[in-house]
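This report introduces selected features of the structure shown below to a reader who is new to it. Helix geometry comes before backbone details and chain contacts.

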Amino acid sequence: MWTWFHKLGSPPWMYRISGRILAILLPLTIAMLVVGAVWGLLYAPMDFKQGNSFRIIYFHVPASVVALAGYYVMAVAGAVSLIWRMKMAEVAMKCAAPVGAALTFLSLLSGAIWGKPTWGTYWVWDARITSMLILFFLYLGVIVLYQAYENKEAAGKACAVLSLVGMVNIPIIYKSVDWWYSLHQPATIRFTEESAMHSSMLQPLLLMILAFYCLFTCALLLNMRSELLRRGASTSWVRGLAVN
Amino acid sequence: MDGHGVYVWSVVVVSVLVCAGLLVLPARSARRFIAGLSEGEAPAPQAAPSVRIEEVNNAPGS
Amino acid sequence: MHPVRKQRLILVCFIVVFSTLAVGLVTYGLRGNINLFFPPAEIAAGLAPTGQPIRLGGMVVEGSVRRDPESLRVEFDVTDYQATVTAVYTGILPDLFSEGEGVVAAGVLDENGVLQATEVLAKHDENYMPPEVAEALSQAHDEATGS
């Protein structure tokens, strides 16, 4: 168990393994994204109330779900880097932030575009949307905070603390539509009871959510590889890559 | 798509841009770094990542 | 576990618990302000201020939408099944606005308890289904109730 943990902390091992994972996961992710998008956009039936505008759900919901899950990845990596001083965890935390920020941005933008034909407005300051905007600023905060420090060790610590403090926002986003009166409707996909969506529409949505989870993993690994190369610029394993 | 096409397709375009950016930008940055190594240039370890992060964040808006 | 790491673990737990408590207390204290709208029951109970912008949210009562034939003025009742408030609005309603559906109307409550709305938003629910399924469901419902 502990040898595995130590291997995980070794940059050349991580670089090699992530390359092997990506060789399989990357084509799979792209295939799932294409199949899910075509299925949702062209083959799923339209909604009885919203018509075709509901198809935005196939991008909005996966981006939102993974943006929230990605924050946990970042915060847990931050906690591990604080407690065990593990460099690899710090790299993971730093590299998860831009991916999460991009997905949160996609969630906010697609939600705004969806809001116009359904609600009649692009933006409203309700609890769900505002807390999602705070999530976006938390991701941006981690990115900017890391850049602000000259001393990268101090930067890692500060970012880990910020991401841990921001973790409280995630359950708030999840429960905001149940706790307060909001314009945003409650969750459609439920774990304890039947989802409030017909299966012909739900199946492509579940595929897209899975595809976005894989997309997050791929983007995180790609970012980490790039970061590991730069951090190890003077080490022999990176120099060895140049020869090949 | 009966009047909703503009909304749906603009979301599709933005999503494709964001997804492609998330995968292409870090892959390209790593490839360039390795290419720089082979040419024998001494790469600057800290200057490059900051550029890469800005690129990732600018990608969806562009 | 190494005592130094244990200490750091406790510190991490402390950060999470403390920030959760702090944010939890703030949101609990501001819970009234976080709500986007007032339900009709709270307006009927006099909890909503008159003469300043508020939002009213609920269901549009079936058969209550009265359109002015000469202008875009429309009048409708909003209910939460405990109380009903009337709203007046002049302008184009969102596509999803209809009787028996959710609505959020922003405006000022006049002295008669009528909301003079400046903006009307449709609030849809979390149910999605194809048109054929919706039709079959409503037919089954009609047969069951015998209408």
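Helix α2 of chain A covers residues 11-43, and in this predicted model its 33 residues, at 1.5 Å a residue, should span 48 Å. The end C-alpha atoms of α2(A) are 44 Å apart, which agrees with that expectation. The helix nevertheless contains a bend of about 35°, located at A:Leu22. Six names make up its buried set: A:Pro11, A:Thr29, A:Leu33, A:Gly36, A:Ala37 and A:Gly40.

**Helix packing in chain A**

Two packed helices are described by the angle between their axes and the distance between the axes. For α4(A) and α6(A), the latter formed by residues 152-166, the angle is about 60° and the axes are 10 Å apart. This angle makes α4(A) oblique to α6(A). The crossing in which α4(A) passes α6(A) is left-handed. On the α4(A) side the contact is made by A:Glu90, A:Met93 and A:Lys94, while α6(A) contributes A:Gly156, A:Cys159, A:Ala160 and A:Ser163.

**Positive phi values in loops**

Two residues other than glycine have a positive phi, A:Arg85 and C:Tyr81. The table sets out their values and positions.

| Residue | Phi | Loop |
|---|---|---|
| A:Arg85 | near 55° | between α3 (57-84) and α4 (87-118) of chain A |
| C:Tyr81 | about 70° | between β3 (73-79) and β4 (84-90) of chain C |

Are these residues buried or exposed? A:Arg85 has 15 C-beta neighbours inside 10 Å and therefore counts as partly exposed. C:Tyr81 has 11 such neighbours inside 10 Å, so this residue counts as exposed, the cut-off for that class being 12 or fewer.

**Chain B and its contact with chain A**

Chain B has 62 residues, of which 29% are buried. Its secondary structure consists of two helices and zero strands.

How many residues of chain A are in contact with chain B? The contact involves 36 residues of chain A and 33 residues of chain B. On the side of chain A that touches chain B, the elements giving two or more residues are α2, α4, α5 (127-148), α8 (199-231) and α9 (236-243). Of these, α4(A) provides the largest share, twelve residues. Helix α4(A) thus appears in two settings: it packs against α6(A), and it also contributes to the side of chain A that touches chain B.

Technical notes: Residues numbered from 1 in each chain as written. Chains lettered and ligands numbered in written order. Predicted model: local features only at pLDDT ≥ 70, side-chain atom pairs only at ≥ 80, totals over all residues. Helix = DSSP H or I, 4+ residues; strand = E, 2+ residues; numbered from the N terminus. Expected span 1.5 Å × (residues − 1). Bend = angle between axes of the 7 residues up to and from the residue. Buried ≥ 20, exposed ≤ 12 C-beta atoms within 10 Å, placed from the backbone. Axes fitted to C-alpha atoms, helices over the stretch in contact; angles between N-to-C directions. Parallel < 35°, antiparallel > 145°, perpendicular 65-115°, else oblique. Left-handed = near helix turned anticlockwise from the far one by under 90°. Contact = placed C-beta atoms within 7 Å.
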